[in-house]
Amino acid sequence: LDSNSTFSSLGASREVTLGVLVEPILMLAFLVIALIAGSTNFAVIGNALSENTWQYPIATVIAIAAAFFAVFIEMGKIPFDLAEAEQELQEGPLTEYSGPALALLKVGLSLKSMVVASIFVSVLLPFGIPTEMSLSAVVLGGVLFFVKLLVVFVLACVFENTLSRTRFMLTGRLTVVGFGISVLAFVFYFTGL
């Protein structure tokens with residue numbers, strides 16, 4: 001926004017709009033999971049989900065689905081974002097950059113998608129986490145972490161390639177579905193399912 005360029009201000013407003021539409025989905029999904037686990041600590045949530053005796057199985061599965069929907073959007077996938085389209089307006093925030101600064105911003109965007117997917121895999125898909133501090137358990141847990149991360153990225157890419165580009169103005173209609181899923185998980189939690 002500081003550059004006062006039309007493209008950068010449009011791109012920044014799109015990024016802010018997308019953040020406002022997606023963050024409530026992620027927060028509500030994690031709230032339901034935290035209520036089920038009895039803590040907001042990610043380690044406690046992961047340990048609670050790794051046990052096979054879930055107190056609210058339907059609410060847990062629906063909350064994980066809503067969180068995956070939000071993580072998919074946060075990863076910058078189509079139809080919500082297309083980082084490779086230099087002529088598109090959502091690339092507007094990067095319009096004023098070139099050279100090493102642009103490269104650092106691109107690496108930052110890639111790291112953002114990796115961190116969001118890693119949090120999803122570590123907290124909400126915790127199977128295979130090491131329960132003891134032995135070398136074999138830690139190595140096996142690390143390998144399973146990267147396998148789960150690879151599966152999430154492959155699923156996101158397959159899902160992305162089955163979708164077509166839509167107008168940005170329709171993003172609100174699509175994110176309402178994700179918010180509805182997270183509200184449904186909240187309702188199922190309160191009904192005890």
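This tour proceeds through a predicted model, from a pair of helices to the nonpolar core and then to single residues.

**First stop: helices α3 and α4**

Select residues 57-74, which form helix α3, and residues 99-124, which form helix α4. The axes of these two helices come within 9 Å and cross at roughly 170°. Because angles over 145 degrees count as roughly antiparallel, α3 is described as roughly antiparallel to α4. The crossing of α3 and α4 is left-handed.

To display the contact, show the side chains of Ile64, Ala67, Phe68, Val71 and Glu74 on α3. On α4, add Lys112, Val116, Ala117, Phe120 and Leu124. By class, the residues of this contact comprise 8 nonpolar and 2 charged, with no polar ones.

**Second stop: helices α4 and α5**

Keep α4 in view and select α5, residues 135-161. The axes of α4 and α5 are 10 Å apart, and the two helices pack at an angle of about 115°. Here the crossing is right-handed.

The α4 side of the contact consists of Ser113, Met114, Ala117, Ser118, Phe120, Val121 and Ser122. Facing them on α5 are Phe145, Lys148, Leu149, Val152 and Phe153. The contact of α4 with α5 has 8 nonpolar, 3 polar and 1 charged residues. Ala117 and Phe120 deserve a label, since they appear in the contact of α4 with α3 and also in that with α5.

**Third stop: the largest nonpolar core**

In soluble globular proteins, nonpolar side chains tend to be buried together. The largest nonpolar core of this model has 38 residues. Which of its members touch the most other members? They are Ile33, Ile45, Phe120 and Leu124. Two or more residues of the core come from each of α1 (6-37), α2 (42-50), α3, α4, α5 and α6 (171-191).

Next, centre the view on Ile45. Leaving aside residues up to four places away in sequence, Ile45 touches Ile33, Ala34, Ala37, Ser39, Thr40 and Val123.

**Last stop: Thr60**

Return to helix α3 and select Thr60, which lies within it. Is Thr60 buried or exposed? Thr60 has a relative accessible area of 0% and is therefore buried. Beyond residues up to four places away in sequence, Thr60 touches Ile33, Ile36, Leu49 and Trp54. Ile33 is thus a contact of Thr60 and also one of Ile45.

Finally, select Phe186 together with Thr60. These residues are 126 residues apart along the chain, and their C-alpha atoms are separated by 9.4 Å.

Technical notes: Residues are numbered from 1 along each chain as its sequence is written. This is a predicted model: local features need pLDDT of at least 70, side-chain atom pairs count only at pLDDT 80 or more; totals for chains, interfaces and linings use all residues. Side-chain values use heavy atoms; hydrogens and water are left out. Axes are lines fitted to C-alpha atoms, for helices over the stretch in contact, and angles run from 0 to 180 degrees between N-to-C directions. Helices (H or I, at least four residues) and strands (E, at least two) are DSSP runs, numbered from the N terminus. Angles under 35 degrees count as roughly parallel, over 145 as roughly antiparallel, 65 to 115 as roughly perpendicular and the rest as oblique. A crossing is left-handed if the near helix is turned anticlockwise from the far one by less than a right angle, and right-handed if clockwise. Contact means heavy atoms within 4.5 Å. Ala, Val, Leu, Ile, Met, Phe, Trp, Tyr, Cys and Pro count as nonpolar, Asp, Glu, Lys and Arg as charged, and the others, Gly among them, as polar. A nonpolar core is a set of buried Ala, Val, Leu, Ile, Met, Phe, Trp, Tyr and Cys residues joined through side-chain atoms within 4.5 Å. Buried means under 20% relative accessible area, exposed over 50%, partly exposed in between (1.4 Å probe, protein chains only).
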